[in-house]
Amino acid sequence: MVIGKDIIEQYNKLEIENFTTDFDFLQNKLTKSGTSVTEIVNKIADFQVAIPSWALGAGGTRFGRFSYGGEPATLEQKLDDVGLIHALTHSAGAVSLHIPWDVPSDVKAIKEKAASHGLVFDAMNSNTFQDQTGAEHSYKFGSLNAVNEDSRAYAVEHNKEVIRIGKELGSKSLTVWLADGASFPGQLNFQTALSNTEKSLKEIYAGMPEDWKLFIEYKPYEPNFYSTTIQDWGTSFMLANACGERAYTLVDLGHHLPNTNIEQIVATLMYKGKLGGFHFNDSKYGDDDLTVGSIKPYALFLIFNELVYGMENNPQNPYPAWMIDASHNIKDPLEDLLQSLEAILIAYAQALLVDQKALKTAQLSNDVVGAQDILQNAYRTDVRPLLRAARLQAGAALDPIAAYRNLRVRENLISERGLETKATGL
Ligand code: PSV
Ligand code: MN
């Protein structure tokens, strides 16, 4: 199924009146306070988030997986699904592939397919947390950190293969997330594990083209339950520095212990020019893979406040690679992604509304109450008309989920692909 601009245009006509009333009201209000609405709408329209190829089917937990009809069975179909999301939102113009789940059999055809949907290939993801059928060496006891030299070399080689595939597709970065760690005290020598990881990452870094970036993800626990070798941003930052200039830390919202001050981590990394990538999701307890903004929207806003500040004030930090890293097992995966995109853009728009000048004045005079009010005034603004305006000007849907349902996208996918298909991923 392909959703053409004409269909969306028709659909938008049903909602244009309500939109205009809401937008005019907000525009008046914001203009009075000196905000350039056009500038903000353009920024929202430009913001593109990569969709991970593994979020297009029903997500799984270790207890089970309830599949969703019409799931994409091939990489081509995955790109078609991202194309649908992009057509509806104009904010998902990139896809992030996971190897070996998504090895393209025909690179040229895949590139053409992506281009036909207006998609580019964002960061490539390697996978050394699962043994594939016929694997010559196992990752059971670790990959880049393994005590077994063959497993380490095998994992390094896999990452080089991912770089090779990514090069052909036009990607410019590699994300490494390691499950490496220990589930029991005494299992690993921490220092040896760290030093093996550093050596392996340096080899991977050396194998990257000169215009590529390496993103190093961290995670405090899971699947290992006693220690993870790259457990936190500090360890990732240290390893990125050891690798070189084009190695960066990647922050995944779900990879922190409860109540961690993620916005402060963001600020610190951007100050040091080392925030390379960002994975969005939400959680109550751990790496829950919940829809972005479903549990802690204010925390997301505070994080975006630091991201916006960093993008405006830290030229030493590259523009971060944004990706959604969430897929749940009880929602239609495409609706889940549409909700996540909406939450991301809402938080971004609210952060753009923060009166930075007034905030600085409040901070310099230790006006604690004033500073909180400035942030919360922005957070409490209903910015949804700004998102709709951005979509309308890009030819996307005013209300993507309503359009998705109204156009019976899932029903169409089921009739095209059947009920039994299963997308690769977790
Ligand atoms: C690990 O929890 C992670 O966040 C990494 O980014 C992986 O690539 C992704 O999830 C999918 O397993
Ligand atoms: Mn992640």
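Good morning. I shall begin at one particular residue: Gly-395, which follows helix α14 and has a positive phi, near 80°. Please keep in mind throughout that the model before you is predicted.

Let me stay with the helix that precedes this glycine. Helix α14 covers residues 384-394, and 8 of its 11 residues are buried, so the helix is largely enclosed by the rest of the structure. The buried residues are Pro-385, Leu-386, Leu-387, Arg-388, Ala-389, Ala-390, Arg-391 and Leu-392. Which elements do the buried residues of α14 pack against? They pack against α1 (5-13), α2 (16-32), α3 (37-46), α4 (75-89) and α11.

Allow me now to step back to the whole protein. It contains 16 helices and 11 strands. Along its principal axes, the C-alpha trace spans about 65 × 60 × 40 Å. For 426 residues, a compact globule would be expected to have a radius of gyration near 22 Å, and the protein, at 22 Å, agrees with that. Of the 426 residues, 47% are buried. If we take the contacts with a separation of 6 or more, 79% of them are between residues 24 or more positions apart.

I turn next to the interior. The largest nonpolar core has 112 residues, and those with the most contacts inside it are Leu-88, Val-95, Leu-214, Ile-216 and Ala-349. Helix α11, residues 333-352, supplies the largest share of this core, namely 13 residues. As you will recall, α11 is also one of the helices against which the buried residues of α14 pack.

Two of the core residues just named, Leu-214 and Ile-216, bring us to strand β7, where they lie together on one side. This strand runs over residues 213-217, and 5 of its 5 residues are buried. In a regular strand, side chains alternate between the two faces of the sheet. Here both faces of β7 are covered: Lys-213, Phe-215 and Glu-217 on one side are buried, as are Leu-214 and Ile-216 on the other.

Which strands pair with β7? One is β5, residues 173-176, which runs parallel to β7 and is joined to it by 4 bridges. Within that pairing, Thr-175 has Phe-215 as its bridge partner. Another is β9, residues 247-252, also paired with β7 in the parallel sense over 4 bridges. There, Glu-217 stands opposite Leu-250.

Leu-214 itself deserves a closer look. Setting aside residues up to four places away in sequence, Leu-214 touches Leu-174, Val-176, Ile-204, Tyr-205, Met-208, Cys-243, Arg-246, Ala-247 and Tyr-248.

For contrast, consider Ile-295, in the loop between β10 (275-280) and α10 (297-313). Is Ile-295 buried or partly exposed? It is partly exposed, with 15 other C-beta atoms within 10 Å, whereas a buried residue would have 20 or more. Beyond its neighbours within four places in sequence, Ile-295 is in contact with Asp-282, Ser-283, Lys-284 and Leu-290. Asp-282 is 13 residues away from Ile-295 in sequence, and their C-alpha atoms are 6.3 Å apart in space.

Finally, I come to the ligand. Ligand 1 is surrounded by 10 residues, of which the closest are Asn-125, Trp-177, Asp-252, Asp-287 and Asp-325. How does the shell around ligand 1 divide among nonpolar, polar and charged residues? It has 3 nonpolar, 2 polar and 5 charged. One of the closest residues, Asp-252, belongs to strand β9, residues 247-252, which I described as a parallel partner of β7.

Thank you for your attention.

Technical notes:
Residues numbered from 1 in each chain as written. Chains lettered and ligands numbered in written order. Predicted model: local features only at pLDDT ≥ 70, side-chain atom pairs only at ≥ 80, totals over all residues. Near = placed C-beta within 6 Å. Nonpolar A, V, L, I, M, F, W, Y, C, P; charged D, E, K, R; others polar. Rg over C-alpha atoms; globule rule 2.2 N^0.38 Å. Buried ≥ 20, exposed ≤ 12 C-beta atoms within 10 Å, placed from the backbone. Contact = placed C-beta atoms within 7 Å. Core = buried A, V, L, I, M, F, W, Y, C linked by C-beta atoms within 7 Å. Pairing = 2+ DSSP bridges.
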